[in-house]
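Colleague: I am new to this one. Could you walk me through it and tell me how the terms are applied?

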Amino acid sequence: MIAVLTTWFTRTFGVDAPILGAPMANRAGGALAAAVTAGGGVGLIGVGHAQTPEFDARPAAVARATGPFGAGLMCWALDKNRATFDAVVAERPDVMLLSFGDPAAYVLEAKAAGAVVGSQVNTLDDLRIVEAAGVDFVIAQGSEAGGHTGHIATLSIAQQVLDATQLPVLVAGGIATGRGVAAALAAGAAGVMVGTALLASGEADAPDWVRERILGARAEDTLYTDLFDRAQGFDWPARWGGRLIRNEFADTYADATNKKLRAVYDKTDPTHASVYAGEAVELITELRPAATVVATLAADAERQLRSVAGLLGG
Ligand SMILES: Cc1cc2nc3c(=O)[nH]c(=O)nc-3n(C[C@H](O)[C@H](O)[C@H](O)COP(=O)(O)O)c2cc1C
C-alpha cells in the first residue's frame, strides 16, 4: 500500500495506516497484533487485569517480528500489582497504552524504555489527569466501544477532547468502516483505534462460537453492564462498565445479587460467558484476516476523504 493518509501517528511509527489495533485482553495476543501491523497499522497486545504473574514474552516476540507493536494495560490493576507493567516494559514495546486510571506512576518508565505512551480517556477530567501524567497522545473512547468504556458517546467525547488538548488524539468506539476512519480524521484526529472490527479475524484469540456470535449480533444486541465483572468478582472501578453482546445469563440474572451471580456464573458455558463487543458489531459480517480489515479501512477512508473534498467545490 502506498501511504497517503499521513498523520502524527503514521509519521511517529513509520506505518501506512493511522490505525491502532485495540489491546483487547484475552482476544488480542501476538498473532492479532502482528496481523494489524502487517495490514499497515500498529497492533497492540491486551494485558488483562487478571493476567498473572507476568506478561508472557512470547506474544511480544510474535508481534515484534512484523514491525512496531505495543501493549495496553489498566492503571487501576497496576496500582494493585505492577508485575505486568515491569514485564511489558522489559519487552521494549513501541507503544504502551495506560488506560482506566491515573498513569502518572508509570509514564516516565514507559518512555524511558522507548515507548510512545497513550491513554484512553472517557471525560475531560480524565484528559487533564493523563496530560498531567505526561502521556504523548490520548485516545477519546466513546461509549459505543466494545469492552470497558465510559458513558459519553464517541462523537461527543471526540469533539470535546479534540477541542481541549494540543496532544495528538485518536478516536475509538464504533469505528469499523472507512467512513468512520474518515470521519475521525476529518474531525482532526491523528488516527483511530479499532477493537470490535478485528474480532471476527482468525488471528483473534477466540473460539468459533464467539466468532459466530460476533457475526450474528446487531448493534442493539450489545449491553453496557458491570454484571459480568460482579459475577466473576473482578474489582473494576464502578465508573467503567463493559459493552458486550447480551446473552441468556445477562437476561436471567440482571437483578441478581453479587452472591447469587458468583454462585451461578460458569464462564465455560456459552450461554453465560461474556463476549465483549461494541455497537460496530453489526458492521462485522464476514470472517476476514485482520491485515485485510486494517488495509481496507485505510483504503476506504482515503476514498471517502477524496470524495468529500468535493463538498468544498472548485
Ligand atoms: C473484546 C474486547 C476487549 C477489550 N479489552 C481491553 C483491554 O484489555 N484494555 C483496554 O485498554 N481496552 C480494551 N478494550 C477496549 C478497546 O481498547 C477499544 O477502546 C474498543 O475496542 C474501541 O471500540 P470498538 O470496539 O468499537 O472498536 C476491549 C475491547 C473489546 C471489544
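Colleague: Where does the ligand sit?

Modeller: Happy to help! This is a predicted model, and in it the ligand sits in the largest pocket. The word "sits" applies because more than half of the ligand's atoms lie within 2 Å of the grid points of that pocket.

Colleague: What volume does the largest pocket have, and which residues are closest to its centre?

Modeller: The volume is about 1100 Å³. The lining has 50 residues, and Met24, Ala25, Asn26, Gly147 and Tyr276 are the closest to the centre.

Colleague: Which strand gives the most to that lining?

Modeller: That is E3, with three residues. Elements that each supply at least two residues include strand E4 (95-99), strand E9 (191-194) and helix H10 (208-216).

Colleague: Back to the ligand: which residues come nearest?

Modeller: There are 20 residues around the ligand, and Pro23, Gln120, Gly174, Gly195 and Thr196 come nearest. That shell divides into 11 nonpolar, eight polar and one charged.

Colleague: What makes the pair between Gly195 and the ligand a polar contact?

Modeller: A backbone N or O atom of Gly195 lies 2.8 Å from an oxygen atom of the ligand. The cut-off for N or O atoms is 3.5 Å, so this pair counts as a polar contact. By that cut-off Pro23 also qualifies, because one of its backbone N or O atoms lies 3.1 Å from a nitrogen atom of the ligand.

Colleague: How much of the ligand's accessible area does the protein cover?

Modeller: On its own the ligand has 590 Å² of accessible area, and the protein covers 97% of that.

Technical notes
Residues are numbered from 1 along each chain as its sequence is written. This is a predicted model: local features need pLDDT of at least 70, side-chain atom pairs count only at pLDDT 80 or more; totals for chains, interfaces and linings use all residues. Side-chain values use heavy atoms; hydrogens and water are left out. A residue is near a molecule or strand if one of its heavy atoms lies within 4 Å of it. A polar contact is a pair of N or O atoms within 3.5 Å; within protein, one must be able to donate a hydrogen and the other to accept it, and residues adjacent in sequence count only if both atoms are side-chain atoms. Accessible areas come from the Shrake-Rupley method with a 1.4 Å probe; for residues, only the protein chains shown count as cover. On a 1 Å grid over the protein atoms alone, a cavity is a set of points where a 1.4 Å probe fits but cannot get out, and a pocket is an open set with protein on both sides within 12 Å along at least five of seven lines; lining residues have an atom within 4 Å of a point. Ala, Val, Leu, Ile, Met, Phe, Trp, Tyr, Cys and Pro count as nonpolar, Asp, Glu, Lys and Arg as charged, and the others, Gly among them, as polar. Grid points are joined across faces, edges and corners, and a volume is the space filled by probe spheres set on the points. Helices (H or I, at least four residues) and strands (E, at least two) are DSSP runs, numbered from the N terminus.
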